[in-house]
Amino acid sequence: MKKSLYATDEAVMEGIRHDDERALAYLYKLYYPMISHFILSNSGTEDEAKDIYQEGVIVFYEKIKGNTLDLHCQIKTYLYSVCRRLWLKRLSEKGRFVMKVDESEEFLPVEEDSQHHEEQEKQFGIMGESLEQLGEPCRSLLEDFYIKAQNMQVITEKYGYTNSDNAKNQKYKCLQRLKKLFFTTYKPGV
Amino acid sequence: MLEYRAYEQIESYLKGDMAAEDKVAFEALLRTDARLAEQLREHKQLLQTLQGFGQRRNLRQQLNRFHSELESDTVAPTAAPAGWKVYWNRHAQTIAVAASVSLLSVFGALWSVQQLKAPVRQQTARYVELRREVERLKKTQTAIINGINDASKPAPRSAAFSGTGFAISADGFLVTSSHVVEGADSVLIENAAGHKYKVTEVYRDQIHDLSILKVSDPAFVSFGNLPYTFKTQESDLGERVYTLGYPREDIVFGEGSLSSSTGFEGDTTAYQISIPLNPGNSGGPLLDDKGNLIGVISGKQAGQEGASFAIKSAYLLQMISELPSEDTSSAAVLQRNNTLSGQSRPQQLKKLKDYVFVVKVYN
């Protein structure tokens, strides 16, 4: 592994806080082999490893971004624990019970973090589906406005509306439809 | 349209760009209007989820990019050094051990073959010169005894080699094998009676392995008349012969017969005799029944029983005649009368033994 700026965990976390893409890339590349090894040696595939690992990294990333991370161990251990939890969950969902997990690292109980993450994943999944069902141009319009945070003026021109009020009106309709689609499938976690 | 207005209000409220007094009014409205509050909550959640979804999607894309980078990173370099380099890194230690073991066994095998061959080679004809390397043990033992007898004297240095020699004339000339005195610093002779003389080598015939020594001691007078004569003709096969020599501290008699008129590998200058000889016998006299000196003991064939060799006396005589003139005046005076003839063997030996010396070589 090449030497880099991010020699310590603190440096990596600081980099992520400051939206440094290289820090995240470094972190991602550093620990993938470990998780990949864990998943592969516990009846998983390369793709599943990638999936689980990315979820683990997302959990970590959002904890840092949300400043809710209270890390008393190495990033490595945290990532391992999260990924381990997620993978065991995934396995039990698939109906494959693993009696004995081949542990290569120590791990922490991270029920809370991973549950929160799963809840979010569920929401985002539904949101994705709802957006799909919404169809064009509503979907692009909403994404442009709310996600890419584009100006109403730009949107008006892009979608060929005669004026911005028209566009606003269109956006309102789209949002109402999305709201309906979303809340019919999504029931807040009990 | 009321819904649209409510929506616009909610939107601007959430964005936080509502004017202050409007905001207060809106919040007051929220407290009373439960439906509006519910709508606000839903709207908020929807937007949050939407934005979160967007962020998450971006993050996923980013991670996917990292992952593909990771794969190209790892696939490329692992493909390149895969092969001998990886193999070498993994097995270098094992290879080193295997290599050293094989080297060791190859050289070990070569060495042991060499060792096994050595005695075999010895059995093929090998001529052994019978000069004796004086055993250190015996010498040190005598040195200790000497030390007890006379503690003030330093223990004498032991000779490195010893052989046998005998007188050829009354005035202090002796003969021995030249390999006995080879590389000598100083040479001492001593006979059974205990007379010791310092001698020097005056002439050497390397080809016939003979050396003439002369007593250089100023105290020396004469050996007296020699009891034996030198035979000029060749002796016959089967003649009974004997020798005296010093294969150990004391004089040793050995008897046998002349078993061949040629020596080692058909050497016509020597006889083969069937007398068992040992290192230290070299340079001893070989005599026949009548007391004629017929040869000088020189060596034996290794691994062969009873195959000893002696230089014929003819070559000794030839050498004596070749002596430098200043020495010949006295050396040429060889004994004409044989006083041993017709006597019994013990009588002959009694007369002989004073003329046979141990030659001690120091270097």
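The following questions and answers concern a predicted model with chains A and B.

Biologist: Which helix of chain B gives the most to the side that touches chain A?

Modeller: The contact takes 25 residues from chain A and 19 residues from chain B. On the chain B side, the elements giving two or more residues are helix 1 (2–15) and helix 3 (34–79). With 17 residues, the one that gives the most is helix 3 of chain B.

Biologist: How many charged residues are on that side of chain B?

Modeller: Sorted by class, the side of chain B that touches chain A has 10 nonpolar and 6 polar residues. The charged residues there number 3.

Biologist: Does helix 2 of chain B lie largely buried or in the open?

Modeller: Helix 2 of chain B covers residues 20–32, and its 13 residues should span 18 Å at 1.5 Å a residue. Its end C-alpha atoms are 19 Å apart, which agrees. A residue counts as buried if 20 or more other C-beta atoms lie within 10 Å of its own. The number buried among the 13 residues of helix 2 of chain B is 0, so this helix lies largely in the open.

Biologist: Which strand of chain B gives the most to the largest nonpolar core?

Modeller: In soluble globular proteins, nonpolar side chains tend to be buried together. The largest nonpolar core here has 55 residues, and B:Val359 and B:Val361 are among those with the most contacts inside it. The element of chain B that gives the most to this core, with 5 residues, is strand 15 (residues 356–362).

Biologist: How many residues are in the other core, the one with A:Ile16 and A:Tyr53?

Modeller: This core lies apart from the largest one. Its members include A:Leu24 and A:Ile39, and its size is 30 residues.

Conventions
Residues numbered from 1 in each chain as written. Chains lettered and ligands numbered in written order. Predicted model: local features only at pLDDT ≥ 70, side-chain atom pairs only at ≥ 80, totals over all residues. Contact = placed C-beta atoms within 7 Å. Helix = DSSP H or I, 4+ residues; strand = E, 2+ residues; numbered from the N terminus. Nonpolar A, V, L, I, M, F, W, Y, C, P; charged D, E, K, R; others polar. Expected span 1.5 Å × (residues − 1). Buried ≥ 20, exposed ≤ 12 C-beta atoms within 10 Å, placed from the backbone. Core = buried A, V, L, I, M, F, W, Y, C linked by C-beta atoms within 7 Å.
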